[in-house]
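Here's a quick briefing for anyone meeting this structure for the first time. Have a look at the sequence and the model, then read on for the surface, the pocket and the charged pairs.

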Amino acid sequence: MATKKQIISFQVSKQTEDKIYELRKQDRFIRCSKSDVIRFLIEEGLKAVEEEEREVSEFFSHLIEEGLKAAEEEKRNVGA
């Protein structure tokens, strides 16, 4: 089953365009179109954002868990 693709148009700075051009010179992207490189960068960027969000969520969950443990410990010590 083919993936339905959405056509999106946007502008990039000359600096970004130059970086994409430089990427296309690398063996990894030598046979890729500019669109392929941009698609790859967007997908990798989204993965990075999702990973960062998961790490932040895990970090705060850990902080909350440790805070609850500390509060329970303090409660036990006060009651002792």
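A nonpolar patch sits on the surface of this predicted model. Five residues form the patch: Ile8, Phe10, Val12, Ile42 and Leu46. Together they offer about 490 Å² of accessible area.

**The patch and Ile42**
- Ile42, one of the patch residues, has its place in helix H2, which covers residues 34–79.
- Is Ile42 buried or exposed? The answer falls in between: Ile42 is partly exposed, because its relative accessible area is 43% and that class runs between 20% and 50%.

**The largest pocket**
- Ile42 turns up here too, as one of the residues nearest the centre of the largest pocket, along with Gln6, Ile7, Ile8 and Arg39.
- Ile8 is therefore another residue that belongs to both the nonpolar patch and the pocket lining.
- The volume of this pocket is about 470 Å³.
- In total, 13 residues line the pocket, and by class they split into five nonpolar, four polar and four charged ones.

**Salt bridges, starting with helix H1**
- Side chains of opposite charge can pair when their charged atoms come close.
- How many salt bridges does the model have? The count comes to ten.
- One of them links the side chains of Lys14 and Asp18, with 2.9 Å from N to O.
- Both residues belong to helix H1, which spans residues 14–24, and they are four residues apart, or about one turn of the helix.
- The two partners fall in separate exposure classes: Lys14 counts as exposed because its relative accessible area of 56% is over 50%, while Asp18, at 34%, is partly exposed.

**Salt bridges in helix H2**
- Glu44 pairs with Lys47 in a salt bridge, and their closest N and O atoms are 3.1 Å apart.
- Glu44 and Lys47 are three residues apart in helix H2, about one turn of the helix.
- Glu44 is partly exposed, with a relative accessibility of 33%.
- Further along the numbering, Arg76 and Glu73 also form a salt bridge, their closest N and O atoms being 2.9 Å apart.
- These two lie in helix H2 as well, three residues apart, again about one turn.
- Glu73 has a relative accessible area of 37%, so this residue is partly exposed.
- Salt bridges with shared partners also tie Glu51, Arg54 and Glu58 together into one network.

Terms used. Residues numbered from 1 in each chain as written. Predicted model: local features only at pLDDT ≥ 70, side-chain atom pairs only at ≥ 80, totals over all residues. Heavy atoms only, no water. Salt bridge = Lys/Arg side-chain N within 4 Å of Asp/Glu carboxyl O. Buried < 20%, exposed > 50% of the residue type's maximum accessible area, 1.4 Å probe, protein only. 1 Å grid on protein atoms, 1.4 Å probe; cavity = no way out; pocket = protein on both sides within 12 Å on 5 of 7 lines; lining within 4 Å. Points joined across faces, edges and corners; volume = space filled by probe spheres on them. Nonpolar A, V, L, I, M, F, W, Y, C, P; charged D, E, K, R; others polar. Patch = residues over 30% accessible without salt bridge, like charges linked within 9 Å, V, L, I, M, F, W, Y side chains within 5 Å. Areas by Shrake-Rupley, 256 points an atom, 1.4 Å probe, with all protein chains shown as cover.
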